[in-house]
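This report concerns a single protein model. Please consult the sequence and the coordinates while reading it.

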Amino acid sequence: MPNIGAPELIIILVIALLILGPGKLPEVGASIGKSIREFRKASSDLSDSVNVDTSPLPPAPPAPTTAVTPPAVEAPAVPVAPAVPAAPAVPATPSEPASNTN
C-alpha cells in the first residue's frame, strides 16, 4: 500500500473542496470522523468480548495441617461365636390321638 504524504493529502483535500464546496466540507469531515470513531469503538468492544482470560488460576489454599485421627477401636477380649438359630421345639413324648367319646 502506498504511503500518503503531505503533498498527496493536500491534493485530496483540494479535490474534495472543489467537489463538495466550502459549506459542506466541515460537515463531511465531522461525519467521517464520527464514523471512524464508532468503528474503532465497536472493534475494540468486539475484541474485548472475544478475548479469553488465559491467566493461570490462583494457587489453591494449602490443606489443613492438623491431622484428625479416628477413634481407636479395641478388639473384644473373648471371641464371640456367631448366633445359631434356635431349633423348633419338639415334644419329648409323642402326642396321643384324642379319644372320640361319642
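The sections below treat the overall model, its helix α1 and a nonpolar surface patch.

## Overall model

The model is predicted. The protein contains 2 helices and 0 strands. Of its 102 residues, 1% are buried.

The surface exposed by the protein amounts to about 10300 Å². Carbon and sulfur atoms supply 68% of that area.

## Helix α1

Helix α1 covers residues 6-20, and Leu 9 is found in it. With 15 residues at 1.5 Å a residue, α1 should span 21 Å. The expected length is 1.5 Å times one less than the number of residues, so 21 Å is the value to compare. The end C-alpha atoms of α1 are 21 Å apart, which agrees with that expectation.

After α1 comes Gly 21. The phi angle of Gly 21 is positive, near 95°.

## Nonpolar surface patch

Ile 4, Leu 9, Ile 12 and Leu 13 make a nonpolar surface patch of about 400 Å².

Leu 9, one of the residues of this patch, has a relative accessibility of 46%. Buried means under 20% and exposed over 50%, with partly exposed in between; Leu 9 therefore counts as partly exposed.

Definitions and conventions
Residues numbered from 1 in each chain as written. Predicted model: local features only at pLDDT ≥ 70, side-chain atom pairs only at ≥ 80, totals over all residues. Heavy atoms only, no water. Patch = residues over 30% accessible without salt bridge, like charges linked within 9 Å, V, L, I, M, F, W, Y side chains within 5 Å. Areas by Shrake-Rupley, 256 points an atom, 1.4 Å probe, with all protein chains shown as cover. Salt bridge = Lys/Arg side-chain N within 4 Å of Asp/Glu carboxyl O. Helix = DSSP H or I, 4+ residues; strand = E, 2+ residues; numbered from the N terminus. Buried < 20%, exposed > 50% of the residue type's maximum accessible area, 1.4 Å probe, protein only.
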